[in-house]
Structure formats: C-alpha cells, structure tokens
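Visitor: Could you walk me through this structure and tell me what stands behind each label you use?
Guide: Gladly; let us have it in front of us.

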Amino acid sequence: MSLAVRAYSGFRATGLTGFLMSRILLTGGAGFIGSHICLKLLQTGHDLVVFDNLSNGHRDALPADTPFIEGDIRDSAALGKLLKSHDFSAVIHLAGLIEAGISVQDPASFYDVNVAGSVRLFEAMRATGVRRLVFSSSAAVYGAASASLLTEDEPVLPVNPYGRSKAMIEDILRDYAAVYGFSAIALRYFNAAGADPKGRAGERHDPETHLIPLGLMAATGQHSGMKIFGTDYDTKDGTCTRDYVHVDDVARAHVPALEYLFNQAGGVFEAVNIGTGRGYSVREVLECCRAVSGKSFPIDEAGPRAGDSPRLVASADKARKILNWQPEYPDLRDMVSHAWNFMQSSSDE
Ligand SMILES: NC(=O)c1ccc[n+]([C@@H]2O[C@H](COP(=O)([O-])OP(=O)(O)OC[C@H]3O[C@@H](n4cnc5c(N)ncnc54)[C@H](O)[C@@H]3O)[C@@H](O)[C@H]2O)c1
C-alpha cells in the first residue's frame with residue numbers, strides 16, 4: 001500500500017503519513033503572507049481551507065479554486081461550524097491586525113482581534129479536538145532589544161500593543177500546550193518582504209507602511225514624501241537596521257513547522273525566529289529601490305520615532321536546527337526585484 005493510501009485510511013492521522021495528507025485551516029490566508037503560504041501548501045499537496053474576513057486581504061490573492069470561507073475569527077459560531085464540518089489536522093493562524101503604529105492609537109482593536117479572536121479560535125479547536133497550531137508571531141515581541149543577533153532566549157519585552165498582543169498569544173499557547181495538550185509553534189517573522197518569484201502573489205496593503213513597497217511606490221510617483229526616521233543611530237550608516245526575509249522563504253517555513261508538530265506527541269510549545277541573520281539599513285533598502293526601479297526619488301530625513309529599535313536582526317540557528325529551514329533568497333536585491341515585478345505586473349492589469 002502506498003504511503004498516501006495508508007495515511008488516508010487512518011482516522012485522525014498522526015505522524016509523518018498524516019502530515020502528508022493533512023487538511024489545514026489557514027486563517028488570514030487572503031493577506032500578504034497568507035496568500036504565499038497558500039501557494040506553498042498547494043504545491044506540497046496539502047488540502048486547505050482559507051478563513052478570512054477580507055478586512056485587509058483580497059479574495060483574488062488566492063488561486064481561484066482555493067476553498068474559501070469569509071468570516072471573522074471573533075465569531076465563535078462560525079469557527080465552531082467550520083471546524084466541525086472539516087476534519088482539520090492543524091491550523092495556521094495568521095489572521096489579525098498588523099500595524100504597530102495604529103496599535104498605539106487604537107490598542108482595544110488589537111486586543112479584541114488579535115488576542116480575543118485568537119482565544120476564540122483556540123477554544124473552537126479545543127472543542128473539536130484539533131490541537132496542532134502554527135502561529136504568526138513577530139520580531140515585535142523583542143521590542144527595543146539591543147543584542148546584535150536575537151535568539152529566542154532574548155527577553156520578550158514588546159514596546160507597543162501590537163507586539164504585546166503577539167507576546168500574550170504566545171503565553172496563552174504555552175498554557176494551552178501545558179494544560180490541554182496543544183502542539184504549537186510560534187514563528188516570529190522578522191520583516192517579510194518581496195513577492196512570489198513567479199509573480200502569482202505579492203504585497204497589497206492599504207494603506208502601505210512597509211519600507212520596500214513604499215520605496216518602490218516613491219519610484220513610480222505613487223508615494224511622495226519618502227522619509228527616513230532617525231539618521232543618528234549607532235548603526236553602520238546611522239539609520240535603523242532590520243532583517244528582511246523573503247516572503248517565499250517565510251511561507252516555506254510553514255511546511256517544516258507543520259511537519260514538526262506532526263512529530264510531537266502533544267503538549268509542546270516552541271517559538272522560532274524566521275529571519276536571515278543579516279541586517280540591511282533603511283538607507284540601503286531605499287538605494288536598492290532606486291537601483292531596481294532605475295528611478296531616483298527624493299528622501300527626507302526626519303527625527304527618530306519613539307519605540308523604534310536601532311537594530312532587529314534574527315539569529316536563525318533554531319529554525320535551521322529544528323525545522324531544517326534556511327532562506328533561499330537572503331539577498332535584498334531579490335526581495336526588491338520580486339516586489340517590483342509584482343507591482344509592475346499588477347499595474348498593467
Ligand atoms: N508582514 C510582516 O512583515 C509580518 C511580520 C511579523 C509578523 N507578521 C504577522 O503575520 C500575519 C500576516 O501578516 P500580513 O503581512 O500577511 O498581514 P495582512 O494584513 O496582509 O494579512 C492578515 C489577514 O488577516 C485578515 N484578518 C484581519 N482580521 C481578521 C479577523 N478578525 N478575522 C478574520 N480575518 C482577519 C485580513 O483580512 C488579512 O487577509 C499577521 O498575524 C502579522 O501580525 C507579519
């Protein structure tokens with residue numbers, strides 16, 4: 001009997017065979033990172049259902065025949081119905097609000113959607129016996145950390161409600177693992193960037209606040225007033241340094257993360273950085289946007305923003321060790337080029 005047939009004949013499959021045949025619930029799958037995860041899961045033969053309220057996502061970011069349910073993670077009844085009607089083996093949970101700056105003005109929405117919404121999802125999972133979860137956490141949990149390479153042992157000291165919401169969800173998952181037997185992995189993404197190398201998906205945030213799309217929009221004249229916040233930091237050129245990680249690499253990390261969970265008996269929580277271990281400064285990123293687009297644009301220099309850490313760069317050792325993951329596109333030029341190609345092809349449509 002083939003591996004796949006044996007797995008299919010199992011009840012709620014466990015172990016590697018179950019992993020190969022697993023059906024995954026992807027919350028927030030219509031967003032930037034979710035649409036790339038969707039491509040990876042389909043490519044690796046997984047069955048999936050996307051659940052998204054489309055508040056910031058796009059139905060057409062997904063391949064046309066992707067099973068899709070429009071709904072809100074705060075809606076316990078909708079989640080209960082969904083989880084009862086499918087035999088999900090695991091959940092990848094991305095749905096949430098993402099703008100750290102907005103979270104400072106409107107913390108209530110972040111705690112409602114990100115924290116309360118996540119608890120409703122975890123409760124619906126508990127009620128239906130689904131206990132494997134990959135959660136989209138963030139480098140924002142490290143706050144204004146100062147280590148040159150951040151390991152997962154660095155203290156979790158977020159500096160805004162967005163980062164706190166991610167840290168709270170991690171704590172909740174630790175408790176759900178210890179008490180309810182969840183197997184959960186929190187992937188702490190650093191700065192996801194770029195677009196699908198084949199041009200099938202890309203970044204479409206509105207309003208856009210991420211540096212690379214803003215730089216490219218400045219190159220096409222769609223964004224004016226490009227600013228660098230802070231030029232006097234103790235970094236190589238005085239501007240903030242961040243770990244940009246290609247969105248295709250971020251998406252690919254979810255496959256070994258799921259596999260890792262299938263190989264656990266239960267009661268496990270791990271936090272794992274998803275970054276490259278290399279930092280690029282704001283100035284380097286904007287120069288790269290100019291080089292890739294072939295267009296110059298004005299850049300203003302402004303004072304530092306409160307709460308911005310000078311440098312946030314991941315140690316990617318744990319991801320290499322426990323997920324056998326490493327980035328295929330660590331070069332900034334690839335990220336900017338793929339983002340540029342996607343932007344150009346979207347504007348042709
Ligand atoms: N983009 C990054 O660099 C980055 C870095 C670290 C962590 N993350 C995390 O990764 C996840 C995805 O980020 P993204 O950049 O793709 O963001 P995104 O806004 O493009 O995607 C989030 C998706 O969640 C959906 N959503 C929001 N609230 C919802 C709700 N109440 N119910 C159902 N769906 C809801 C949105 O419609 C959207 O499709 C988020 O959890 C984010 O915090 C992103």
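Visitor: What makes you say that helix H7 lies across S5, S6 and S11?
Guide: In this predicted model, contact means heavy atoms within 4.5 Å, and H7 (residues 161-180) lies across those three strands. Its direction runs at about 155 degrees to S5.

Visitor: Which sheet do those strands belong to, and why is it called open?
Guide: They sit in a seven-strand sheet with the order S3-S2-S1-S4-S5-S6-S11 and parallel pairing. The label fits because two strands count as paired when at least two bridges join them, and the edge strands S3 and S11 each pair on one side only. Averaged over neighbouring strands, with direction ignored, the turn of one against the next is 20 degrees.

Visitor: How do you know that S1 and S2 pair?
Guide: Pairing needs at least two bridges, and five join S1 to S2, so these parallel strands qualify. Within that pair, Thr27 stands opposite Phe51 in S2. Helix H6 (residues 107-128) also packs on this sheet, where it touches S1, S4 and strand S5 (132-138). The direction of H6 makes about 175 degrees with that of S4.

Visitor: What makes S9 and S14 a pair as well?
Guide: Two bridges join S9 (residues 241-242) to S14 in the parallel sense, and at least two are required, so the pair meets the cut-off. Arg242 stands opposite Leu312 in S14. The pair is part of an open sheet of three strands, in the order S12-S9-S14, with mixed pairing. Strand S12 (280-281) and strand S14 (311-312) are its edges, each pairing on one side only.

Visitor: Why is helix H9 described as mostly covered?
Guide: Because buried means under 20% relative accessible area, and 15 of the 16 residues of H9 are buried. The helix spans residues 247-262 and reaches 24 Å from its first C-alpha to its last. That is close to the 22 Å expected at 1.5 Å a residue.

Visitor: Where does H9 come into the largest nonpolar core?
Guide: H9 gives the largest share of this core, 10 residues. The core has 46 residues, and those with the most contacts inside it are Ile33, Ile37, Ile92, Ile185, Leu187 and Ile274. Among the other elements giving two or more residues are strand S1 (23-27), helix H3 (32-43) and strand S11 (268-274).

Visitor: What does Ile92 contact?
Guide: Leaving aside neighbours within four places in sequence, its contacts include Ile24, Leu26, Ile37, Val134, His254 and Leu258. Apart from the largest core lies another, of 28 residues, among them Ile73, Leu83, Tyr176 and Ala184.

Visitor: Why is Cys240 not counted in a disulfide?
Guide: A disulfide requires two cysteine sulfur atoms within 2.5 Å. The closest cysteine sulfur to that of Cys240 is in Cys289, 16 Å away, so the distance is too far for a bond. A search of the whole structure finds zero disulfides.

Visitor: Are Cys240 and Cys38 buried or exposed?
Guide: Buried is under 20%. Cys240 has 6% relative accessibility, so it counts as buried, and Cys38 is buried too, with a relative accessible area of 0%.

Visitor: Why does His338 count as buried?
Guide: Because its relative accessibility is 13%, and the cut-off is under 20%. His338 lies in helix H12. Not counting residues up to four places away in sequence, His338 touches Ala195, Pro197, His246 and Tyr329.

Visitor: What makes Leu54 partly exposed and Asn324 exposed?
Guide: Exposed means over 50%, and partly exposed falls between that and the 20% limit for buried. Leu54 has 25%, so it is partly exposed, while Asn324 has 69% and is therefore exposed. Leu54 has a positive phi of about 60 degrees although it is not a glycine, and Asn324, also not a glycine, has phi near 55 degrees. Leu54 sits in the loop between strand S2 (47-52) and strand S3 (68-70); Asn324 sits in the loop between helix H11 (317-323) and helix H12 (332-348).

Visitor: Where is the cis peptide bond?
Guide: The bond from Asp206 to Pro207 is cis, with omega near 5 degrees. Pro207 is in the loop between strand S7 (191-193) and helix H8 (211-220).

Conventions
Residues are numbered from 1 along each chain as its sequence is written. This is a predicted model: local features need pLDDT of at least 70, side-chain atom pairs count only at pLDDT 80 or more; totals for chains, interfaces and linings use all residues. Side-chain values use heavy atoms; hydrogens and water are left out. Helices (H or I, at least four residues) and strands (E, at least two) are DSSP runs, numbered from the N terminus. The expected span of a helix is 1.5 Å times one less than its number of residues. Buried means under 20% relative accessible area, exposed over 50%, partly exposed in between (1.4 Å probe, protein chains only). A nonpolar core is a set of buried Ala, Val, Leu, Ile, Met, Phe, Trp, Tyr and Cys residues joined through side-chain atoms within 4.5 Å. Axes are lines fitted to C-alpha atoms, for helices over the stretch in contact, and angles run from 0 to 180 degrees between N-to-C directions.
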